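Colleague: Before I rely on the terms used for this protein, I should like to see how each one is justified. Could we take them in turn, setting value against criterion?

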Amino acid sequence: MSNIERPVTEVAAGILLDREGRYLLGQRPKGKPYAGYWEVPGGKIEKGETVFEALKRELQEELGIDIESSQDLTLLEHDYPHAYVRLHVSIIRNWKGTPKGCEGQELSWQSIFESAPTVGPLLPAAWPMLEKLKEYLL
């Protein structure tokens with residue numbers, strides 16, 4: 001049997017970082033793979049979209065905010081049972097509006113200074129994102 005490569009799903013992930021050194025996590029809603037797990041907000045990059053355009057659209061849909069800019073942090077790949085994802089991770093420091101769970105998801109602000117998030121479980125790909133964030137900031 002030949003080893004067929006899995007298609008790569010391009011994903012934009014946005015780490016919202018506030019002035020108090022906190023980042024935002026959202027809980028995956030029911031009906032999605034890994035429902036109940038916590039993740040960095042974001043979603044699939046549609047055909048023809050830049051990473052920033054995808055972040056702008058996804059964070060408007062998920063959190064009801066308008067982002068003004070983003071800063072590239074890292075590029076990660078993760079092989080989940082349901083999809084192979086390439087995560088374009090950005091830091092977002094400026095946005096308009098107050099983040100809320102527009103898809104019924106819970107949100108939680110977490111301190112970058114804590115050794116681990118106070119919510120869980122975390123999506124496996126979220127851990128390396130948070131490690132990169134800490135390396136960058138601390």
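Colleague: Why is Y34 called partly exposed?

Modeller: In this predicted model, Y34 has a relative accessible area of 24%. Buried requires a value under 20% and exposed a value over 50%, so Y34, at 24%, is partly exposed. Y34 lies in the loop between β2 and β3.

Colleague: What makes the phi of Y34 worth a remark?

Modeller: The phi of Y34 is near 60 degrees, a positive value in a residue other than glycine. Most residues other than glycine have a negative phi.

Colleague: A35 is also placed in the loop between β2 and β3. Is A35 buried, partly exposed or exposed, and how do you know?

Modeller: The relative accessible area of A35 is 38%. That value lies between the limits of 20% and 50%, so A35 is partly exposed. Leaving out residues up to four places away in sequence, A35 touches R28, P29 and K30. The C-alpha atoms of A35 and Q105 are 9.9 Å apart, although 70 residues separate the two in sequence.

Colleague: Why is T74 called buried?

Modeller: T74 has a relative accessible area of 18%. Buried means under 20%, so T74 meets the criterion. T74 is found in strand β6, and, not counting residues up to four places away in sequence, T74 touches L87, H88, V89 and K132.

Colleague: And what makes S115 exposed?

Modeller: The relative accessibility of S115 is 68%. Exposed requires over 50%, so S115 qualifies. S115 has its place in the loop between β9 and α2.

Colleague: Which other residue of the loop between β9 and α2 can you name, and what is the form of the peptide bond from G120 to P121?

Modeller: P121 is found in that loop. The peptide bond from G120 to P121 has an omega near 0 degrees and is cis. Most peptide bonds are trans.

Colleague: How do you know that β1 and β7 pair?

Modeller: Pairing requires at least two bridges between two strands. Nine bridges join β1 (residues 8–16) to β7 (residues 84–92), so the two strands pair, and they run parallel. T9 stands opposite V85 in β7.

Colleague: How many bridges join β1 to β4, and what direction do these strands take?

Modeller: Three bridges join β1 to β4 (residues 42–44), and the strands run antiparallel. Three satisfies the requirement of at least two, so β1 and β4 also pair. A13 stands opposite G42 in β4.

Colleague: Why are β3 and β9 described as standing at the edges?

Modeller: The open sheet of three strands has the order β3-β2-β9, with antiparallel pairing. β3 (38–39) and β9 each have a single partner strand, so one side of each is left without a neighbour in the sheet. Five bridges join β2 (residues 22–27) to β9; L24 stands opposite W109, and the bridge partner of L25 is S108.

Colleague: Which residues form the covered and uncovered faces of β9?

Modeller: The covered face of β9 has S108 and Q110, whereas L107, W109 and S111 form the uncovered one.

Colleague: Which residues touch the most other members of the largest nonpolar core?

Modeller: They are I15, Y23, L87, V89, M129 and L133, in a core of 24 residues. β1, β2, β6, β7 and α2 each supply at least two residues of this core. A second, separate core of twelve residues includes A54, L63, I67 and W95. In soluble globular proteins, nonpolar side chains tend to be buried together.

Colleague: Which residues does M129 contact beyond its neighbours within four places in sequence?

Modeller: M129 is in contact with A13, I15, V40, L73, L76, L87 and V89.

Colleague: Finally, what makes the space lined by Y23, E114, S115, A116, P117, W127, L130, E131 and K134 a cavity?

Modeller: A cavity is a set of points where a 1.4 Å probe fits but cannot get out. A search of the whole structure finds one cavity of 30 Å³ or more, with a volume of about 40 Å³. The lining residues divide into five nonpolar, one polar and three charged, and helix α2 (residues 126–137) gives the largest share, four residues. Two of the lining residues, S115 and K134, have C-alpha atoms separated by 9.7 Å.

Conventions: Residues are numbered from 1 along each chain as its sequence is written. This is a predicted model: local features need pLDDT of at least 70, side-chain atom pairs count only at pLDDT 80 or more; totals for chains, interfaces and linings use all residues. Side-chain values use heavy atoms; hydrogens and water are left out. On a 1 Å grid over the protein atoms alone, a cavity is a set of points where a 1.4 Å probe fits but cannot get out, and a pocket is an open set with protein on both sides within 12 Å along at least five of seven lines; lining residues have an atom within 4 Å of a point. Grid points are joined across faces, edges and corners, and a volume is the space filled by probe spheres set on the points. Ala, Val, Leu, Ile, Met, Phe, Trp, Tyr, Cys and Pro count as nonpolar, Asp, Glu, Lys and Arg as charged, and the others, Gly among them, as polar. Buried means under 20% relative accessible area, exposed over 50%, partly exposed in between (1.4 Å probe, protein chains only). A nonpolar core is a set of buried Ala, Val, Leu, Ile, Met, Phe, Trp, Tyr and Cys residues joined through side-chain atoms within 4.5 Å. Contact means heavy atoms within 4.5 Å.
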